[in-house]
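Welcome! Take a look at the structure below, then work through the exercises one step at a time.

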Amino acid sequence: MKVETRGGLDAIDGMTPLDVVVRILNNQLSSLMWIDEKAEEFSSRIQKLATQGSAADRELMGPKFWMS
């Protein structure tokens, strides 16, 4: 039989309060790991775009425009 807990997780009969806490903490850890993974992906994308933008700026500011 399932019992609804305050956090919205289903506790199964026989689970101790510690089991419920561990389940909640594991879910939170999984969420934080997912957020960290996505943050690293976005950081990598931003760094790549910044590098591409800097290369494009150098091409535009190169000596060929100053000499013409």
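pLDDT is the predictor's confidence in each residue, on a scale from 0 to 100. This is a predicted model, in which local features need pLDDT of at least 70 and side-chain atom pairs count only at pLDDT 80 or more, while totals for chains, interfaces and linings use all residues. Residues are numbered from 1 along each chain as its sequence is written, and side-chain values use heavy atoms, leaving out hydrogens and water.

**Exercise 1.** Find where confidence is lowest and where it is highest in the protein chain.

*Solution.* Start with the whole chain: its mean pLDDT is 82, and 71% of its residues reach 70 or more. Next, list the elements; helices (H or I, at least four residues) and strands (E, at least two) are DSSP runs numbered from the N terminus. The order is β-β-α-α. Confidence is lowest in strand β1 (residues 2-4), with a mean of 55, and highest in α1, with 92.

**Exercise 2.** Locate the salt bridge that a search of the whole structure finds.

*Solution.* Look for a side-chain nitrogen of Lys or Arg within 4 Å of a carboxyl oxygen of Asp or Glu. Lys38 and Glu41 fit, at 3.7 Å from N to O. Both residues sit in helix α1, three residues apart, about one turn of the helix. Now check exposure, where buried means under 20% relative accessible area, exposed over 50%, and partly exposed in between (1.4 Å probe, protein chains only). Lys38 is partly exposed because its relative accessible area is 25%, and Glu41 counts as partly exposed because its value is 33%.

**Exercise 3.** Is Val21 buried, partly exposed or exposed?

*Solution.* First place Val21: it belongs to helix α1, which spans residues 17-60. Val21 has a relative accessible area of 43%, so it is partly exposed. For the wider setting, 4% of the 68 residues of the protein chain count as buried.
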